[in-house]
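Good morning. Please look at the structure on the screen while I go through it part by part.

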Amino acid sequence: MPKPYSGPIVDAHHHLWDLDLGRHPWLAATAGERGGLGELGPLRRNYLPQDFSRDAARHDVVATVHVEAGWASDDCVGETRWLETQDKSQGVAARYVVRVPLASPGAPALIEAQAAFDRTVGVRDILSWDPDPTRRFAARDGIMDEPAWRAGLALLGAHQLAFDLMVFPRQLADAARLAAAFPGQQFVLNHCGSPIDRDAEGMRRWREGLRALARHENVAVKISDLVAYDHNWTLDSLRPVVLHCIDCFGSDRAMFGSDFPVAGLHASFDDIYDGFKTIAADLSTDEQAALFFGNAKRIYRLDELSSAGLLPA
């Protein structure tokens with residue numbers, strides 16, 4: 001009989017914010033929709049470590065990776081300073097993937113400043129662009145090919161920082177070329193490659209693009225926020241997406257993440273992790289442990305917490 005996972009979890013992708021600070025312009029009431037996520041109204045509330053712990057209470061989440069949450073771009077280090085003030089006693093935001101606009105003239109100094117925080121393990125500079133302005137996140141197309149942006153990316157390796165890669169399927173071929181050009185850089189593809197077009201052609205493009213990107217051993221994938229573009233989801237609709245990611249990347253280069261509270265627009269935390277556990281139940285015990293815990297612990301440098309006895313080995 002399949003045995004669903006019941007061990008420790010590292011949630012590899014979530015966000016926190018305090019909207020009272022006024023530093024998240026994309027969540028302003030006048031900002032409108034973004035990225036095809038639908039109405040953002042339910043996200044316009046503070047989401048702090050205690051809120052995450054409440055949502056995740058039924059699951060053995062021992063540590064989490066906080067991913068930059070759209071803090072005002074003129075002060076991206078401010079988000080990291082704010083995270084340092086938050087309660088870490090439950091393992092929430094034990095590690096940070098921070099924002100750096102890599103094409104900016106100030107990128108070298110910002111990388112130095114962000115890397116000075118011990119919990120910083122990665123950088124994200126969202127590249128997702130679509131011809132439809134209501135779907136795009138990035139300011140322009142083709143950023144990852146720009147020499148200034150690539151010069152910024154090239155600085156991450158000296159600080160052992162991963163790069164969280166957020167793109168749409170139409171950009172996966174470009175992402176594969178990027179991974180080939182930077183073979184020493186660890187990339188982590190966000191949200192399964194954001195399969196936003198759900199018709200047969202769109203899903204075919206996503207499947208083929210994902211497989212091509214996965215050929216590069218320096219790329220891992222986060223199986224996260226499957227409901228972002230599948231608002232009327234069922235386990236049957238989520239299963240092939242999860243299994244294709246695992247088939248492409250293997251159980252040693254894939255990890256699960258909630259993308260809470262954003263994923264909460266369309267599912268509960270229990271929906272998400274119960275779904276992961278059900279879908280992965282046919283895998284071996286070692287494979288499940290890697291997907292839920294080990295891979296995120298390794299890639300996001302949580303091993304030191306294990307050495308200190310604060311996480312399972």
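Before the first residue, one definition: helices and strands here are DSSP runs, with at least four residues for a helix and at least two for a strand, and they are numbered from the N terminus. With that in hand, Leu48 can be placed: it is in the loop between strand 1 (9–14) and helix 1 (49–55). I should also say that this is a predicted model.

Let me stay with Leu48. Is Leu48 buried or exposed? Its relative accessible area is 17%, and buried means under 20%, so Leu48 counts as buried. Setting aside neighbours within four places in sequence, Leu48 is in contact with Leu16, Trp17, Asp18, Trp82 and Gln86. Ala31 is 17 residues from Leu48 in sequence, and their C-alpha atoms are 22 Å apart in space.

One of those contacts, Trp82, takes us to helix 2. Helix 2 covers residues 76–84 and is mostly covered, with seven of its nine residues buried. The buried ones are Cys76, Val77, Gly78, Glu79, Thr80, Trp82 and Leu83. What covers them? Strand 2 (61–67), strand 3 (95–99), helix 3 (107–115) and strand 4 (120–124) are included in the cover.

Strand 3 holds our next residue, Val98. Val98 is buried because its relative accessibility is 2%. Beyond four places in sequence, Val98 touches Glu68, Thr80, Gln114, Thr120, Gly122, Val123 and Arg124. Thr80 is on that list, and Thr80 is also one of the buried residues of helix 2. For a pair that is far apart in the chain, take Val98 and Glu304: they are separated by 206 residues in sequence and by 19 Å in space, C-alpha to C-alpha.

Now the core. As general background, nonpolar side chains in soluble globular proteins tend to be buried together. Here, the largest nonpolar core has 107 residues. Which residues have the most contacts inside it? They are Phe163 and Ile223. Helix 7 (residues 235–249) gives the largest share of this core, seven residues. As for Ile223, its contacts more than four places away in sequence are Cys192, Val242, Cys245, Ile246, Ala254, Met255, Phe256, Gly257 and Phe276.

Phe163 brings us to the aromatic rings. How many aromatic pairs are found in the whole structure? The search gives 14. One of them is Trp149 with Phe163: the ring centres are 5.5 Å apart and the planes are at 80°, so this pair is edge-to-face. The two residues come from distant parts of the chain, with Trp149 in helix 4 (residues 147–153), Phe163 in strand 5 (residues 162–165), and their positions 14 residues apart. Trp149 counts as buried because its relative accessibility is 0%, and Phe163 is buried at 0% as well.

A second pair is Tyr273 with Phe292, which is tilted, with 6.3 Å centre to centre and 45° between the planes. This pair also links distant parts of the chain: Tyr273 is in helix 8 and Phe292 is in helix 9 (residues 285–299), 19 residues apart. Tyr273 is buried at 0% relative accessibility, and Phe292 is buried with a relative accessible area of 1%. Both belong to a cluster linked by ring pairs, made of Tyr5, Phe52, Phe256, Phe260, Phe269, Tyr273, Phe276 and Phe292.

Last, the empty spaces. How many cavities of 30 Å³ or more are there? The count is one. It has about 90 Å³ of space. Its lining is Asp225, Leu226, Val227, Trp233, Leu238, Ala263, Ala267, Asp271, Ile272, Gly275, Phe276 and Ile279. Helix 8 (residues 269–279) supplies the largest share of that lining, five residues. By class, the lining has nine nonpolar residues, one polar and two charged. Phe276 lines this cavity, is part of the ring cluster and touches Ile223.

Then there is the largest pocket, with about 700 Å³ of space. Its lining has 36 residues, and those closest to the centre are Arg34, Glu68, Arg99, Ile126 and Phe137. The lining divides into 21 nonpolar, six polar and nine charged residues. Glu68 is worth finding on the screen, as it is among the residues that Val98 touches. That is the end of my part.

Definitions and conventions: Residues numbered from 1 in each chain as written. Predicted model: local features only at pLDDT ≥ 70, side-chain atom pairs only at ≥ 80, totals over all residues. Heavy atoms only, no water. 1 Å grid on protein atoms, 1.4 Å probe; cavity = no way out; pocket = protein on both sides within 12 Å on 5 of 7 lines; lining within 4 Å. Points joined across faces, edges and corners; volume = space filled by probe spheres on them. Nonpolar A, V, L, I, M, F, W, Y, C, P; charged D, E, K, R; others polar. Core = buried A, V, L, I, M, F, W, Y, C linked by side-chain atoms within 4.5 Å. Buried < 20%, exposed > 50% of the residue type's maximum accessible area, 1.4 Å probe, protein only. Contact = heavy atoms within 4.5 Å. Phe/Tyr/Trp six-rings, centres within 6.5 Å; stacked < 30°, edge-to-face > 60°.
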